[in-house]
Structures are given as structure tokens and as C-alpha cells.
Amino acid sequence: NFSRVTEFILLGLSETKELQVLFFTFFFLAYAMVLLGNLLIIVTVRTDPKLSSPMYFLLCNLSFIDICCTSVTSPRMLVDLLSQRKAIAFEDCIAQLFFLHFVGASEMFLLTVMAYDRYTAICKPLHYTAIMSRQVCWLLVSACWVGGFLHSIVQTLLTIQLPFCGPNTIDNYFCDVPPVIRLACTDIYVTAWLMASNSGLISLVCFLVLVTSYTFILLTIRVRFTEGHWKALSTCASHVMVVTLFFVPCIFIYLRPFSTFPSDKHICVIYTVFSPVMNPLIYTLRNNEVKASMWKL
């Protein structure tokens, strides 16, 4: 009598029609800002020869990842906010889960690389060009994508091997590992801990590396009060804002057993919507070189 679930029903952020219209307006504007802001950064960096340093190369890649990350969830969410029945096929759900963790983990690794770039530029300025050469930058970015893929494929394989034969209602606006595996028709205790140790530990380790690098930067700046170092401090402060906005919700959601906690769909909005919106604002409004290049463009 075995039957396999062929689709999932997403409950979304709210079942109230008035709130759904309000959410649609807000998230449509947020998605438009993500696309336009990050595309503008990419075009600006690619067309201005002055923005050829490793920092801007990494920023260009971060903008591309932000576009990919928000495009995995936002279009589907916008369609569902105007739909009566919010159904998603099983294969589409697994695909969304895979690409979300693929680009999400890649962004975590890339933010860590960006922190290392700032640490090298400020703490080892004489060796910066040798350490962060263009070949090294390409190698680090490629490693970020490979690491994101390996992380995501593990999460996906652990999910699809579970039997889904009963409930098919997901209390979220997209398919993610915690709400999906709760619907499995088996004991998920071991699987949940394996996934938590995968996603949660990646988030925590990357965050600790980031905090450590910025701590070394602050200690270096403390003894060198020059104009250039104050500018570096301002840049690092904006990076810390992005890091906190992205990593803290991920650590809170993934570094715990998935089966014993309720849905955190409102917290998911922070790293799937707010963080990609804030990145272009923070990296452009607080960077005079990028602003000048944008005005020229």
C-alpha cells in the first residue's frame, strides 16, 4: 500500500488575502531592487578599469550570487502570493532545495574569502598584490562554487532517500531541508542531525573565521590611525553588517535538530530577501569609488 507524494502544498507567509497582497507588493519591489542593484554593480565593475582590484572582483561575484540566491525563492513566492492553491511538484521542490543550498553555501564561502581579502589588504599591504593575484582570486571563487555544490549535493541526497508517503503540507514559502524532511514517513533523527551538522557547522565555522579576520583587522587599525585605515574600518564595518544579517539567521535555523522545532519561515525572509537587498546598498552607498563609477556609467 505504499504511495509516494507527488507534490507539496506551501502554506506561505500568511493565509490572509489582504496580507498576501501587501507581501506581494513589498517582495516584488525587493526583488526588483536586488536584480537592478546587483546588475548595476556587475556592469559597473566590468566596465570601469579602475575597479580591477581583487575586492571589486569578489564584489562582482557576490552580486551574481545574490541574484541567483534570491531568484531561487522570490519568483515562486510572488506567484504563490497571487494563487489560491500553492502547490509545487516533488521534483521542483527538490530542485529548489538543491539550488538554494548550492548558492547559499557558495555565498558563505565567498563572504569568508572577502574577509580574507580585506585582512590581507590591511594587515599585509606590502604582500597584497602577490597574495591576492588574479589567478588566486579565480581559484578562490572556483573553490567557493565547488564547496557550495558539494554541500548541496549531500543535503539533496539525504533528502531524496527519505520516503514521503503521507503529509505534504510545508509550513513555509519555499522548499528547504528542515520543513521537507519533517514530512518523511520514517524516523529522521539521525538524518536531521547529519544535515544540521552539515549546514549548521558550515555556517558557524565560516562565521567564526569572519569574526577572527575582522578582529585581526581591528587590532591592526587600532595602532595605525591614518586616513586610509579609517576608510578600511568603514569598509569592514559595512561587511560586518552583511555578514551578521546573513549568517546569524542561518546558524539559528540549521545548527539544531530539525525535527524538534517549528517552522522559522519569517526568519528565512532575512537571508533570502533582506540580505540580497542590503548588499548592493551597503557596498555602493559606503564606497565612493563605486558611486563615482556608477555616475560615470
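**Notebook: surface patch, cores and cysteines**

I began at the surface, where Tyr189, Val190, Trp193 and Leu194 make up a nonpolar patch with about 430 Å² of accessible area together. I note here that the model is predicted. Tryptophan 193 sits in helix α7. I looked up its exposure: tryptophan 193 has a relative accessible area of 40%, so it counts as partly exposed.

Next I went to the interior. In soluble globular proteins, nonpolar side chains tend to be buried together. The largest nonpolar core here has 64 residues, and Phe27, Leu110, Leu111, Phe247 and Tyr271 have the most contacts inside it. I listed the helices that each supply at least two residues of this core, among them α1 (17-47), α3 (90-123) and α9 (265-285). Which helix gives the most to this core? I found that α2 does, with 14 residues.

I then picked out tyrosine 271. Leaving aside neighbours within four places in sequence, tyrosine 271 is in contact with Phe174, Asp176, Phe246, Pro249, Cys250, Ile253, Tyr254 and Pro276. Apart from the largest core lies another core, of 21 residues, including Phe164, Ile170, Ile181 and Ala192.

Then the cysteines. How many disulfides does a search of the whole structure find? I recorded two. A disulfide is a covalent bond between the sulfur atoms of two cysteines.

One of them joins cysteine 93 to cysteine 175, with an S to S distance of 2.0 Å. The torsion about its S-S bond is about -120°, so I wrote this disulfide down as left-handed. Cysteine 93 is in helix α3 and cysteine 175 in the loop between β3 (169-170) and α6 (177-181), so the pair ties together parts 82 residues apart in sequence. Cysteine 93 and cysteine 175 are both buried.

The other disulfide is formed by cysteine 165 and cysteine 185, with sulfur atoms 2.4 Å apart. Cysteine 165 lies in the loop between α5 and β3, and cysteine 185 in the loop between α6 and α7, 20 residues apart. Cysteine 165 is partly exposed at a relative accessible area of 31%, and cysteine 185 is partly exposed at 33%. Counting bonded cysteines along the chain, I get the pattern 1-3, 2-4.

Last, I asked why cysteine 137 has no bond to cysteine 144. The closest cysteine sulfur to that of cysteine 137 is in cysteine 144, 11 Å away, which is too far for a bond. For cysteine 144 the closest cysteine sulfur is in cysteine 206, at 8.7 Å, also too far for a bond. Cysteine 137 is buried, with a relative accessible area of 1%, and cysteine 144 counts as buried at 4%.

Terms used: Residues numbered from 1 in each chain as written. Predicted model: local features only at pLDDT ≥ 70, side-chain atom pairs only at ≥ 80, totals over all residues. Heavy atoms only, no water. Core = buried A, V, L, I, M, F, W, Y, C linked by side-chain atoms within 4.5 Å. Buried < 20%, exposed > 50% of the residue type's maximum accessible area, 1.4 Å probe, protein only. Helix = DSSP H or I, 4+ residues; strand = E, 2+ residues; numbered from the N terminus. Contact = heavy atoms within 4.5 Å. Patch = residues over 30% accessible without salt bridge, like charges linked within 9 Å, V, L, I, M, F, W, Y side chains within 5 Å. Areas by Shrake-Rupley, 256 points an atom, 1.4 Å probe, with all protein chains shown as cover. Salt bridge = Lys/Arg side-chain N within 4 Å of Asp/Glu carboxyl O. Disulfide = S-S within 2.5 Å.
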